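Dear colleague,

Please find below the structure that I am handing over to you. My account of what was found follows it.

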Amino acid sequence: MDIRSKAMAALFPTDILFQTSYWAQVKARLGLQPRAFDIPTAGPGKDVLVLLKPFGKHNIAIVPQGPEHAPAEEEYGTFLEDFSAALAKTLGPEVAFIRYDLPWLSPYAGVMQNEGWDAFPEPRVRELRMNMGTRFWNIRKAREDMTVASSLVVDLVGNEEEMLGRMKPKTRYNIGLARRKGVIVREADALGLPDFHALYRQTALRNGFTPCGSEHFSAMFQSLLSAPDRSDLLFLLARHGSDVLAGAIVGISGETANFLYGASSDTKRNMMASSLMHWTAMLMARERGCVRYDLGAVSPSDTPDHPFHGLYRFKTGFGGRIEYRSGSWDYPLRQDVYDEYRNAELVFSAHGQHTPYPH
């Protein structure tokens with residue numbers, strides 16, 4: 001396979017925020033090295049953003065929600081194998097492994113939707129299917145997905161009444177309740193980031209995840225000033241009187257809005273501020289040309305014991321559909337370094353933390 005290096009600003013327009021020159025600038029500010037490549041064999045206008053992350057004396061090549069181009073389902077594995085070989089040759093021997101966060105439709109999407117599976121098959125089974133037809137059987141399922149494999153997507157079509165009509169009655173009621181109780185949702189600028197980050201830390205403590213540092217959010221806003229593409233951010237804060245009750249950072253690229261980060265207060269939770277906040281974000285995203293609002297992670301089905309079931313109940317209230325994606329996959333180039341990294345992931349997991357992957 002032939003791939004050709006290109007300037008970051010020359011990345012083609014895309015609905016995938018994490019494959020834009022804007023996202024490359026965000027990650028460069030956070031210490032990663034972005035690289036961009038054309039993929040001529042995939043067809044005109046096909047390219048990919050790769051992020052190099054240091055790990056000891058080596059690098060990890062991260063492909064955030066890419067490549068965007070999806071081959072035929074039966075060619076997933078052979079395409080990744082050929083692309084990995086080309087990428088390894090171009091990036092050099094310092095790269096220990098390549099991690100792909102594939103936006104491609106999962107081969108199990110149909111059966112998961114039709115039969116209500118509450119989880120993807122175990123990694124061994126998925127690896128067997130992915131490596132079918134490859135020469136080296138070297139594609140490994142990552143321990144965790146960098147973004148999400150099951151995502152709730154709401155179509156922003158029709159008028160407001162039609163959009164509300166596709167929601168569950170309880171969600172419509174909560175939107176109205178927040179308004180009646182005096183919750184106000186407004187767009188904020190970077191000056192509101194300290195309020196958001198304080199709320200975000202509350203949310204992380206309450207839900208048991210490791211929060212990003214404030215520098216991550218600052219980088220997202222600073223990069224907007226020099227982004228040459230159509231990427232944008234919606235930053236919303238929901239207030240009741242002097243209290244900040246909820247916040248959201250939504251990334252926009254092309255016709256897709258991605259809910260990236262959310263936060264909610266430990267107090268006044270009966271105000272239902274988050275419901276009104278997302279409804280406001282959907283309307284504002286639609287005004288900016290979006291036709292999809294990606295709410296992110298949910299459980300694959302309505303399964304009470306799944307760790308994302310609470311997210312499923314809240315997000316499916318807005319209507320929409322679950323998209324089952326292929327998730328994150330690794331292609332080891334230095335097996336010893338790869339094993340070391342996998343062991344580090346296991347330690348993080350044992351302490352109830354997620355490895356801090358970049359998108």
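Is strand E7 (residues 150–155) largely enclosed by the rest of the structure or left open, and how many of its six residues are buried? In this model, which is predicted, five of the six residues of E7 are buried, so the strand is largely enclosed by the rest of the structure.

The pairing of E7 involves two strands, E12 and E13. With strand E12 (residues 292–297), E7 runs antiparallel and is joined by five bridges; within this pair, Val153 lies opposite Asp294 of E12. With strand E13 (residues 321–332), E7 is also antiparallel, and four bridges connect the two. Here Ser151 faces Glu323 of E13, while Leu152 is set opposite Ile322 of E13.

E13 deserves a paragraph of its own. Ten of its twelve residues are buried, which leaves the strand mostly covered. Besides E7, strand E5 (residues 95–105) pairs with E13 in antiparallel fashion through seven bridges, and Leu105 stands opposite Arg325 of E13. Strand E6 (residues 140–141) is likewise antiparallel to E13, with two bridges between them; the bridge partner of Arg140 in E13 is Asp330.

Residues of E13 also appear in the second largest pocket, which holds about 310 Å³ of space. Its lining comprises 14 residues, and those closest to the centre of the pocket are Ile16, Thr256, Arg292, Glu323 and Arg325. Strands E11 (256–264), E12 and E13 each contribute at least two residues to this lining. By character, the lining residues are five nonpolar, three polar and six charged. Two of the residues named here recur from the pairing described above: Glu323 is the residue opposite Ser151, and Arg325 is the residue opposite Leu105.

Turning to the chain as a whole, the secondary structure consists of eleven helices and 13 strands. The radius of gyration is 20 Å, close to the 21 Å that the globule rule gives for 359 residues, so the chain is as compact as a globular protein of that length. The C-alpha trace spans about 60 × 45 × 45 Å along its principal axes. Of the 359 residues, 53% count as buried. Among contacts between residues at least 6 apart in sequence, 73% join residues at least 24 apart.

With kind regards

Methods
Residues are numbered from 1 along each chain as its sequence is written. This is a predicted model: local features need pLDDT of at least 70, side-chain atom pairs count only at pLDDT 80 or more; totals for chains, interfaces and linings use all residues. Side-chain values use heavy atoms; hydrogens and water are left out. Buried means under 20% relative accessible area, exposed over 50%, partly exposed in between (1.4 Å probe, protein chains only). Two strands pair if DSSP finds at least two bridges between them. On a 1 Å grid over the protein atoms alone, a cavity is a set of points where a 1.4 Å probe fits but cannot get out, and a pocket is an open set with protein on both sides within 12 Å along at least five of seven lines; lining residues have an atom within 4 Å of a point. Grid points are joined across faces, edges and corners, and a volume is the space filled by probe spheres set on the points. Ala, Val, Leu, Ile, Met, Phe, Trp, Tyr, Cys and Pro count as nonpolar, Asp, Glu, Lys and Arg as charged, and the others, Gly among them, as polar. The radius of gyration is taken over C-alpha atoms; the globule rule is 2.2 Å times the number of residues to the power 0.38. Contact means heavy atoms within 4.5 Å.
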